[in-house]
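Q: I have a new structure open. Can you teach me how to read it, feature by feature?

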Amino acid sequence: MANAQLNYEVLGPADASVRRIFFVHGILGSGRNFAGFARRLLRKRPDLGAVLVDLRAHGGSHGFAGPHSVEACALDLAELCAHLGYEPYALSGHSFGGKVVAQYAKQYAASLNHLFVLD
């Protein structure tokens, strides 16, 4: 179990029943990299919500013990989902974040409708 919690921002309706897309950035990025895109998407699809995630040692996510592997990042994401009480409807990951969401889908996704791996 991770010794810290990922930093994140929830966009869209607060209702826990809303289908959520989790956005995961690449190396040297943060969840804010997807803020503009996520806001435009939610304007067109108000039935969805978004979660902008900062991976460990990025953005506001600090204090994680190593190793800082794809598997550890996928576990962090699973723990964040459990903490929030959201089962992801979709995952979108860029570059290293794409590896993380693919690993999450492989290990932890009980019911995932979409997986987007960018770049």
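The turns below go from the sheet to its helices and then to the side chains.

Q: What kind of model is this?
A: This is a predicted model.

Q: How do I read a sheet, and what is the strand order here?
A: Begin with the order in which strands lie side by side. Here five strands form an open sheet, in the order β1-β3-β2-β4-β5, with mixed pairing. Then look for the edges. Strands β1 (8-11) and β5 (114-118) are the edge strands, and each pairs on one side only. Last comes the turn between neighbours. On average, neighbouring strands of this sheet are turned by 15 degrees against each other, direction ignored.

Q: Which helices pack on the sheet, and what do they touch?
A: For packing, ask which strands a helix contacts and at what angle. Helix α1 (residues 35-44) packs on the sheet and touches β1, β2 (19-24) and β3 (48-53). The direction of α1 makes about 175 degrees with that of β3. Helix α2 (residues 70-84) also packs on the sheet, touching β1, β2, β3 and β4. The direction of α2 makes about 145 degrees with that of β2.

Q: How many bridges join β2 to β3, and in which sense do they run?
A: Count the bridges, then check the direction. Six bridges join β2 to β3, and the two strands run parallel. For one residue pair, take Phe22, which stands opposite Val51 in β3. Strand β2 is also mostly covered, with five of its six residues buried.

Q: In which sense do β4 and β5 pair?
A: Strand β4 (residues 90-94) pairs with β5 in the parallel sense, over five bridges. Within β4 and β5, look at Gly93, which stands opposite Val117.

Q: How does the span of α2 compare with what is expected?
A: Set the end-to-end distance against the expected one. Helix α2 has 15 residues and reaches 21 Å from its first C-alpha to its last. That is close to the 21 Å expected at 1.5 Å a residue. Just after α2, Gly85 takes a positive phi of about 80 degrees.

Q: Which residues of α2 are buried, and what covers them?
A: List the buried residues, then look for their cover. The buried residues of α2 include Val70, Ala74, Leu77, Leu80 and Leu84. Asp76 is also among them. Their cover includes β1, β2, β3, β4 and α3.

Q: Is Gln103 buried or exposed, and why?
A: Compare its accessibility with the cut-off. Buried means under 20% relative accessible area. Gln103 counts as buried because its relative accessibility is 14%. Gln103 lies in helix α3 (residues 96-107). Leaving aside neighbours within four places in sequence, Gln103 is in contact with Val70, Glu71 and Ala74.

Q: How many aromatic pairs does a search of the whole structure find?
A: Read the distance between ring centres, then the angle between planes. The search finds three aromatic pairs. One of them is Tyr104 with Tyr108, a tilted pair at 5.8 Å centre to centre, with 40 degrees between the planes. Tyr104 counts as buried, at 3% relative accessibility, whereas Tyr108 is partly exposed, at 30%. Elsewhere, Phe23, Phe34 and Phe37 form one aromatic cluster.

Q: Which rings have a charge over them?
A: Look for an arginine end placed above a ring face. The charged end of Arg20 sits over the ring of Tyr86, 4.4 Å from its centre. Arg19 lies over the face of Tyr89, at 4.5 Å from the ring centre.

Conventions
Residues numbered from 1 in each chain as written. Predicted model: local features only at pLDDT ≥ 70, side-chain atom pairs only at ≥ 80, totals over all residues. Heavy atoms only, no water. Pairing = 2+ DSSP bridges. Helix = DSSP H or I, 4+ residues; strand = E, 2+ residues; numbered from the N terminus. Axes fitted to C-alpha atoms, helices over the stretch in contact; angles between N-to-C directions. Contact = heavy atoms within 4.5 Å. Buried < 20%, exposed > 50% of the residue type's maximum accessible area, 1.4 Å probe, protein only. Expected span 1.5 Å × (residues − 1). Phe/Tyr/Trp six-rings, centres within 6.5 Å; stacked < 30°, edge-to-face > 60°. Lys NZ or Arg CZ within 6 Å of the ring centre and 35° of its normal.
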